[in-house]
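Student: Could you take me through one part of this model slowly, residue by residue where it helps? I would like a close look at a single helix and what surrounds it.

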Amino acid sequence: MKILNFEDNVFKYHDICKVLKDELSVTVDQASNLEKGVEMLQKAYDEGRSYDLIITDMWFPVRFGEKPEQSGELLIKTLEKRQLNIPVIMCSSINYQIPGILGSVHYSENENWEIQLIQMVKKLK
């Protein structure tokens, strides 16, 4: 399984990678901004090796060097517009409930986010 993680916080990206690689032996690539991630999605699609899942934060930059904004919503709209039917899991420090995605994981030391994330990903495998 090939996963693209839209995340600009390197520590959170490593937490997500560790959990998924240890439990499920998956490949997790990182996009630290929306523009880079969309390019990665398009390149993978063009090469016939599309991503199986997207895990995204809500707040990250649209382009390199810009301030974070609600790019998670822009990502979901971009996927719909391009008709890329890739399941999305929102993994954010705020517990968002977004219709039309696979699910949301509340990334917090007070939550058991690791088990929630693993369970959602296992549903796709």
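Tutor: Happy to; what follows is a walk along helix α1, its two faces, its charged pairs and its cysteine. Please keep in mind throughout that this is a predicted model.

Let's begin with the dimensions. Helix α1 covers residues 10-24. Its 15 residues, at 1.5 Å a residue, should span 21 Å, and the C-alpha atoms at its ends are 20 Å apart, so the expected and modelled lengths agree. At the start of α1, N9 reaches in with a side-chain oxygen, which comes to within 2.8 Å of the backbone nitrogen of F11. After the helix comes S25, whose phi is positive, near 55 degrees.

Now, which residues of α1 are buried? They are K12, Y13, I16, C17, V19, L20 and L24. Looking down the axis of α1, you would find these buried residues within an arc of 165 degrees, so they line one face of the helix. On the other side, F11, K18 and D22 are exposed. The buried residues have plenty of partners: they pack against strands β1, β2 (27-31), β3 and β4 (88-92), and against helix α4 (113-124).

One residue on the strand side gives a feel for this packing. N5 lies in strand β1, which runs over residues 2-6. At 0% relative accessibility, N5 counts as buried, because the limit for that label is under 20%. Leaving out residues up to four places away in sequence, N5 touches Y13 and I16, both of which are among the buried residues of α1. The other residues that N5 touches, with the same neighbours left out, are V28, D29, Q30, A31, I55 and T56.

The residue I would linger on is K12. This lysine lies in helix α1 and, at 6% relative accessibility, counts as buried because the limit is under 20%. What does K12 form a salt bridge with? The partner is D57, and the closest N and O atoms are 3.2 Å apart. The bridge links distant parts of the chain: K12 sits in α1, whereas D57 is in the loop between β3 (53-56) and α3 (71-81), 45 residues apart. D57 is buried too, just as K12 is. There is also a third member, since E7, K12 and D57 are linked in a network of salt bridges. In terms of polar contacts, the side chain of K12 meets the side chain of E7 at 3.1 Å and that of D57 at 3.2 Å. Beyond its neighbours within four places in sequence, K12 is in contact with E7, D57, C91, S92, S93 and Y107.

Compare that with a charged pair on the other side of the helix. K18 and D22 form a salt bridge, with their closest N and O atoms 2.7 Å apart. Both residues lie in α1, four residues apart, about one turn of the helix. Here the surroundings are open: K18 has 54% relative accessibility and D22 has 52%, so each counts as exposed, the limit being over 50%. So α1 holds K12, whose salt bridge joins two buried residues, and also K18 and D22, a bridged pair that counts as exposed.

For context outside the helix, R49 and E47 also meet through their side chains in a salt bridge, at 2.7 Å from N to O. R49, at 36% relative accessibility, counts as partly exposed, and E47 is partly exposed as well, with a relative accessible area of 44%. Across the model, the count comes to six salt bridges.

Finally, the cysteine of α1. C17 is buried, with a relative accessible area of 6%. Why is C17 not bonded to C91? The sulfur of C17 is 11 Å from the closest cysteine sulfur, which is in C91, and that is too far for a bond. C91 is in no disulfide either, and C91 is buried, with a relative accessible area of 1%. The count of disulfides in the model comes to zero. C91 may sound familiar from earlier, since this cysteine is among the residues in contact with K12.

To draw the picture together: the buried residues of α1 line one face and pack against four strands and α4, while K12 on that buried side takes part in a salt-bridge network with E7 and D57.

Note on methods:
Residues are numbered from 1 along each chain as its sequence is written. This is a predicted model: local features need pLDDT of at least 70, side-chain atom pairs count only at pLDDT 80 or more; totals for chains, interfaces and linings use all residues. Side-chain values use heavy atoms; hydrogens and water are left out. A salt bridge is a side-chain nitrogen of Lys or Arg within 4 Å of a carboxyl oxygen of Asp or Glu. Buried means under 20% relative accessible area, exposed over 50%, partly exposed in between (1.4 Å probe, protein chains only). A polar contact is a pair of N or O atoms within 3.5 Å; within protein, one must be able to donate a hydrogen and the other to accept it, and residues adjacent in sequence count only if both atoms are side-chain atoms. Contact means heavy atoms within 4.5 Å. The expected span of a helix is 1.5 Å times one less than its number of residues. The arc is that of the directions from the helix axis to the C-beta atoms. A disulfide is a pair of cysteine sulfur atoms within 2.5 Å.
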